[in-house]
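Q: I would like to take a close look at one part of this model before planning any reading of the rest. Please go slowly and connect the details to one another.

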Amino acid sequence: MPVELTYGPIRKGEEREVQRVWQTMTAFLGRPAFLVQLIPDMVDVARYNGRPVAFCYYRHGKQKPRSTIQAIAVLPMYRKHGVARALIGRLAAASPHPHIHLKVEADNPAVLFYQRLGFVVVERENARTGRPMLVMQADTASLRPTTKESAAP
Ligand SMILES: CC(C)(COP(=O)(O)OP(=O)(O)OC[C@H]1O[C@@H](n2cnc3c(N)ncnc32)[C@H](O)[C@@H]1OP(=O)(O)O)[C@@H](O)C(=O)NCCC(=O)NCCS
């Protein structure tokens with residue numbers, strides 16, 4: 001598969017397609033996967049032939065000196081091509097904070113992905129549903145790509 005992807009902030013009219021990417025989590029979560037509030041300047045999208053195939057929904061902290069990954073997903077057929085790594089690299093390049101932070105279900109295979117990128121477990125907790133969660137963190141500097149043009153908004 002030729003991976004010719006472009007990256008940029010979510011555009012007007014793309015919300016449904018971004019939700020569709022997140023819906024691939026429905027079976028894993030055991031409930032409909034829906035992102036409640038997508039704030040345009042907090043969603044970075046990867047597009048293949050102009051169509052969203054992956055996204056990273058993030059937040060730069062206002063009180064705490066960290067950026068948070070709220071959700072990240074790649075359509076199954078585009079996985080293992082470095083797309084999520086690129087999205088997190090863009091987030092790190094744009095982050096004003098020293099750390100990138102996230103929570104993930106302890107049994108989500110994505111934990112291995114995060115560990116591969118250098119995230120470490122800093123806390124364990126239970127979600128309101130009772131589901132065990134890991135709080136993970138990495139140094140922003142270690143996630144920054146070497147080229148400047150890959151920064152998220
Ligand atoms: C987790 C996810 C975002 C990874 O996306 P991706 O584009 O396939 O990841 P990348 O190709 O950038 O992978 C980067 C590295 O992590 C590794 N990796 C990715 N997914 C992995 C997995 N499930 N298990 C082990 N390693 C994994 C890759 O092999 C790669 O390693 P390398 O640099 O040595 O080659 C994707 O699997 C996904 O969308 N999962 C469903 C949504 C989800 O669970 N999101 C996280 C909770 S918010």
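How many residues surround the ligand, and which of them are the closest?

A: The model is a predicted one, and the ligand in it is surrounded by 19 residues, of which the closest are Arg79, Ala84, Arg85, Ala110 and Leu112. Sorted by class, this shell holds 12 nonpolar residues, three polar ones and four charged ones. At least two residues of the shell come from each of three elements, namely β4 (66-74), α3 and α4 (110-117).

A word on confidence belongs here. The protein chain has an average pLDDT of 91, and 93% of the residues score at least 70. Among its elements, helix α2 (residues 26-29) has the lowest mean pLDDT, at 84, whereas strand β7 (residues 132-139) has the highest, at 98. Where pLDDT is low, predicted coordinates should not be read in detail.

Of the elements that supply the shell, helix α3 can be described further. This helix covers residues 83-94, 12 residues in total, and reaches 17 Å from its first C-alpha to its last, close to the 16 Å expected at 1.5 Å a residue. Its buried residues are Val83, Ala84, Leu87, Ile88, Gly89, Arg90, Leu91 and Ala92. Ala84 therefore appears both among the buried residues of α3 and among the closest residues to the ligand, a cut-off of 20 or more other C-beta atoms within 10 Å being what counts as buried.

The loop between β4 and α3 contains lysine 80. The phi of lysine 80 is near 65°, a positive value in a residue other than glycine. Most residues other than glycine have a negative phi. Lysine 80 counts as exposed because it has 10 C-beta neighbours inside 10 Å, the limit for an exposed residue being 12 or fewer. A second residue of this kind is asparagine 49, whose phi is near 50°, again a positive value in a residue other than glycine. Asparagine 49 is found in the loop between β2 and β3 (51-60), and with 8 C-beta neighbours inside 10 Å it is likewise counted as exposed.

On the other side of α3 in sequence, the loop between α3 and β5 (99-105) holds histidine 97. Histidine 97 is partly exposed because 15 other C-beta atoms lie within 10 Å of its own. Leaving aside residues up to four places away in sequence, histidine 97 touches His60, Gly61, Pro65, Arg66, Ser67 and Thr140. From histidine 97 to lysine 62 the distance is 9.9 Å, C-alpha to C-alpha, although 35 residues of sequence lie between their positions.

From β5 the description can pass to β7, since β5 and β7 pair in the antiparallel sense over seven bridges. Within that pairing, isoleucine 100 has alanine 138 in β7 as its bridge partner. Strand β7 is also joined to β6 by six bridges, and these two strands run antiparallel. Here valine 121 stands opposite methionine 136 in β7, while glutamate 123 has valine 135 in β7 as its bridge partner. The hairpin of β6 and β7 has five residues between the strands, and in it glycine 130 takes a positive phi near 95°.

How exposed are the two partners in this hairpin? Strand β6 (residues 120-126) lies largely in the open, because the number of buried residues among its seven is zero. In β7, by contrast, methionine 136 counts as buried because it has 22 C-beta neighbours inside 10 Å. Not counting residues up to four places away in sequence, methionine 136 touches Leu102, Val104, Tyr114, Phe119, Val120, Val121 and Val122. The C-alpha atoms of methionine 136 and arginine 59 are separated by 15 Å, and these residues are 77 apart along the chain.

One further residue gives a distance of another kind. Arginine 31, in the loop between α2 and β2 (43-48), is exposed because 10 other C-beta atoms lie within 10 Å. Arginine 31 and threonine 140 are 109 residues apart in sequence and 32 Å apart in space, C-alpha to C-alpha, and Thr140 is one of the residues touched by histidine 97.

Methods. Residues numbered from 1 in each chain as written. Predicted model: local features only at pLDDT ≥ 70, side-chain atom pairs only at ≥ 80, totals over all residues. Helix = DSSP H or I, 4+ residues; strand = E, 2+ residues; numbered from the N terminus. Expected span 1.5 Å × (residues − 1). Contact = placed C-beta atoms within 7 Å. pLDDT = per-residue confidence, 0-100. Near = placed C-beta within 6 Å. Nonpolar A, V, L, I, M, F, W, Y, C, P; charged D, E, K, R; others polar. Pairing = 2+ DSSP bridges.
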